Amino acid sequence: MRSFDRAPLYRASVGFDRMADLMDRALSADSATQSYPPYNIEKTGEDSYRISIAVAGFAADDLNVELRDGSVIVSAKKAEEDDDRSFLHRGIATRAFERRFTLAEHIRVEGASHQDGMLHIDLIREVPEALKPRQIAIERVEGAKRVEKLDS
């Protein structure tokens, strides 16, 4: 793994430590442990997103979706089966997992649904009015602009 010196970032900025930590986590994540279960992240609109996770073999009651510390955490644990089935081949994995998705600012979870072996988590970006771009009216001044002195 390649490490990066974050000192220049910290010398010239304030408040970006969360982003630096996020980059460290992304670069150090072991790809073998992060391959199950498979998932998609799609942009469904101008300010909307969907995370779709393949959860074949899991019922909705086996799944847990939690919002914590700016992250969506999806976990699953299959209840123990009591039957005496004997598999010749078991290709559908139902092992426990936890998958974490870090959310950007102003992204909120709109809802989650479970259908046909897929867990869908719908997200929406809601930028506060104060942060949205706004048009500033330009005042037209005829002739020279007068400068008035203030009395002190």
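1. In this predicted model, Ile-53 stands opposite Leu-119, a residue of strand 7. The pairing around these residues is a reasonable place to start reading the fold, and the points below move outward from there.

2. Strand 2, which covers residues 48-54, and strand 7, which covers residues 118-125, run antiparallel and are joined by seven bridges. Which strands flank this pair in the sheet? The order is 1-2-7-6, so written for an open sheet of four strands with antiparallel pairing.

3. At the margins of that sheet lie strand 1 (39-45) and strand 6 (107-115), each of which pairs on one side only. Averaged over the sheet, and with direction ignored, neighbouring strands are turned by 20 degrees against each other.

4. As for the overall composition, the protein contains two helices and seven strands, and their succession along the sequence reads α-α-β-β-β-β-β-β-β. The four-strand sheet described above takes in strands 1, 2, 7 and 6.

5. How much of the protein counts as buried? The share is 18% of the 152 residues, where buried stands for a relative accessible area under 20%. The exposed surface of the protein comes to about 12,600 Å², and carbon and sulfur atoms supply 50% of that area.

6. Turning to contacts, and considering those between residues at least 6 apart in sequence, 54% join residues that are at least 24 apart. The pairing of strand 2 (residues 48-54) with strand 7 (residues 118-125) may be read alongside this figure.

Terms used: Residues are numbered from 1 along each chain as its sequence is written. This is a predicted model: local features need pLDDT of at least 70, side-chain atom pairs count only at pLDDT 80 or more; totals for chains, interfaces and linings use all residues. Side-chain values use heavy atoms; hydrogens and water are left out. Buried means under 20% relative accessible area, exposed over 50%, partly exposed in between (1.4 Å probe, protein chains only). Contact means heavy atoms within 4.5 Å. Accessible areas come from the Shrake-Rupley method with a 1.4 Å probe; for residues, only the protein chains shown count as cover. Two strands pair if DSSP finds at least two bridges between them. Axes are lines fitted to C-alpha atoms, for helices over the stretch in contact, and angles run from 0 to 180 degrees between N-to-C directions.
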